[in-house]
Amino acid sequence: MIWQQVRKALLASVVVAAGTASARGDDCCAPACPPAPACRTVTVVEYVPEQYQTTRTTYKTECRQEAYTAYRCEMVPETRTRTVTCYKMVPETVMETRTYCVKVPVTEQRTVMKTCTKMVPVQETVMVKVDRGHWECQQVEVHHAFRDGMRKLCHKNDCCEPCPEYKTKKCWVPCIVCEPKVVCRMKCVTECVPTTCCVTTCKIETKTETCPVTRCKCVPESHTETYTCCVAKQVPFQCTRTVKVCVPCTETVTCCRMVPKCVEKQVACGDACDNGCGGHVASYHKHAVRGHKKGHSCGCSSCCDSGCGCH
């Protein structure tokens with residue numbers, strides 16, 4: 001606790017002060033005072049733990065069964081009455097005047113364009129290939145088939161061929177030239193010629209007549225009918241369920257509290273007297289509710305008889 005720490009610190013400071021005072025006393029009045037330090041009784045407050053019994057209220061969860069009213073949907077048959085209107089088709093005959101169109105054939109003379117096709121002579125210029133060649137005398141080799149065949153049979157082992165024979169022959173040398181030429185031919189021409197002809201067409205005429213017409217008329221009919229339908233209704237019923245409930249509970253417990261207590265203790269005197277008498281000044285702490293008080297008193301009356309006034 002805080003007071004115990006303070007008390008230990010005070011005791012340590014008193015012990016140090018007592019050592020210092022004893023040293024000073026040895027210096028000032030060594031032959032008169034004994035070396036043992038003087039003690040003083042002081043009152044300190046200590047906090048002592050105290051056990052006590054008390055009661056407290058806690059809450060615990062319990063499971064309980066409870067009854068409640070639930071609702072379920074059921075289809076219940078119900079008889080109802082309604083008025084139904086239906087439409088009935090009733091035939092009726094009515095005299096009605098109608099206007100209609102009639103096509104009447106009519107013959108007319110019309111002038112139409114008739115397409116005619118005829119052959120017309122046409123002159124055209126065409127390119128014609130003409131042979132403008134000439135005759136020439138040329139040397140031509142003469143071949144005798146029978147003689148050459150006999151020679152090959154009789155002289156097949158000869159190493160040299162016989163000399164060919166030539167003769168002069170008149171030959172035509174061609175020379176093709178394209179020349180223009182006027183040609184007359186028949187060409188097919190199509191033209192339109194106006195022609196008068198008789199045409200049969202249809203002319204539309206309007207006529208009116210009165211005739212009986214049968215129509216169907218919708219006549220409403222009402223009647224009352226009874227029918228049965230299923231209606232959804234909420235039906236209550238009792239059920240049981242388990243719920244959790246917080247219940248207060250009182251219990252007795254043992255607690256610990258710190259109680260202040262005044263204790264008297266022997267404390268050695270502290271510093272030496274400043275008057276030069278060789279006495280000691282006792283440093284003490286008086287614990288009170290309003291704070292700390294610090295006082296000084298010389299505790300060496302047995303050794304300081306010089307009348308220095310240090311008491």
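Here are short questions and answers on rings, charges and cysteines in this structure. This is a predicted model, where local features need pLDDT of at least 70, side-chain atom pairs count only at pLDDT 80 or more, and totals for chains, interfaces and linings use all residues. Residues are numbered from 1 along each chain as its sequence is written, and side-chain values use heavy atoms, with hydrogens and water left out.

Me: Which residues form the aromatic pair?
Reply: Rings of Phe, Tyr and Trp (its six-membered ring) pair if their centres lie within 6.5 Å; planes under 30 degrees apart count as stacked, over 60 as edge-to-face and the rest as tilted. The structure holds one such pair. Its centres are 5.2 Å apart with 70° between the planes, so it is edge-to-face. The residues are Trp135 and Trp172.

Me: Is Trp172 buried or exposed?
Reply: Buried means under 20% relative accessible area, exposed over 50%, partly exposed in between (1.4 Å probe, protein chains only). Trp172 has 37% relative accessibility, so the residue counts as partly exposed.

Me: Which ring does the charged end of Arg82 sit over?
Reply: A charge sits over a ring if NZ of Lys or CZ of Arg is within 6 Å of the ring centre and within 35 degrees of the ring normal. For Arg82 the distance to the centre is 4.2 Å. The ring is that of Tyr227.

Me: How many disulfides does a search of the whole structure find?
Reply: A disulfide is a pair of cysteine sulfur atoms within 2.5 Å. For Cys137, the nearest cysteine sulfur, that of Cys171, is 8.3 Å away. The search of the whole structure gives zero.
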